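Me: I am new to this structure and would be grateful for a close look at a single part of it. Please take one residue as the starting point and work outward from there.

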Amino acid sequence: MPRKILPAFVAIAALSAALVGAGSLRGDETAVIEPAVQVGDTVPPARLHIVTYPGLYGLGPDLPGSKYAVVDGYLLRVDPESRKVQSVIRRVDAIRD
């Protein structure tokens, strides 16, 4: 690399690294958001939406002993009687059913 270009390249690389490190070039969609519920938690009925059409979420039928549900923007499997979370599947943008 010619000597005149090298200092400019180094300055641009340093600025880019500083901006990425500060999060300026990343959108909010890259942030990791922990679910508000964890496996084993019992969900209050007021926060629980039981999924009636799993296909709308790209899912097959409910597994025996569980129901799909949406809680606080997360698709879950829950025990229908105890409302205990069996698994956290993924984040969803909306309730579709």
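Leaving aside its neighbours within four places in sequence, with which residues is Val71 in contact?

Reply: The structure is a predicted model, with a mean pLDDT of 80 for the protein; 66% of its residues reach 70 or more. Once neighbours within four places in sequence are set aside, the contacts of Val71 are Val37, Val43, Arg47, Leu48 and Leu76.

Val71 also belongs to the largest nonpolar core, which has nine residues. Its other members are Val37, Val43, Leu48, Ala69, Tyr74, Leu76, Val78 and Val85. Two elements, strand E2 (67–71) and strand E3 (74–78), each give two or more residues to this core. The most comes from E3, which gives three residues. Another core lies apart from this one and has seven residues, including Val51, Tyr57, Leu75 and Val92. As a general background, nonpolar side chains in soluble globular proteins tend to be buried together.

The strands themselves may be considered next. An open sheet is formed by four strands in the order E1-E2-E3-E4, with antiparallel pairing. Strand E1 (49–50) and strand E4 (85–91) are at the edges with a single partner strand each, so one side of each has no neighbour in the sheet. E1 and E2 run antiparallel and are joined by two bridges; His49 has Val70 as its bridge partner in E2.

One reservation concerns another stretch of the chain. Over residues 18–25 pLDDT stays under 50, and the model has five contacts beyond four places in sequence for these residues. Where pLDDT is low, the predicted coordinates should not be read in detail.

Technical notes:
Residues are numbered from 1 along each chain as its sequence is written. Side-chain values use heavy atoms; hydrogens and water are left out. pLDDT is the predictor's confidence in each residue, from 0 to 100. Contact means heavy atoms within 4.5 Å. A nonpolar core is a set of buried Ala, Val, Leu, Ile, Met, Phe, Trp, Tyr and Cys residues joined through side-chain atoms within 4.5 Å. Buried means under 20% relative accessible area, exposed over 50%, partly exposed in between (1.4 Å probe, protein chains only). Two strands pair if DSSP finds at least two bridges between them.
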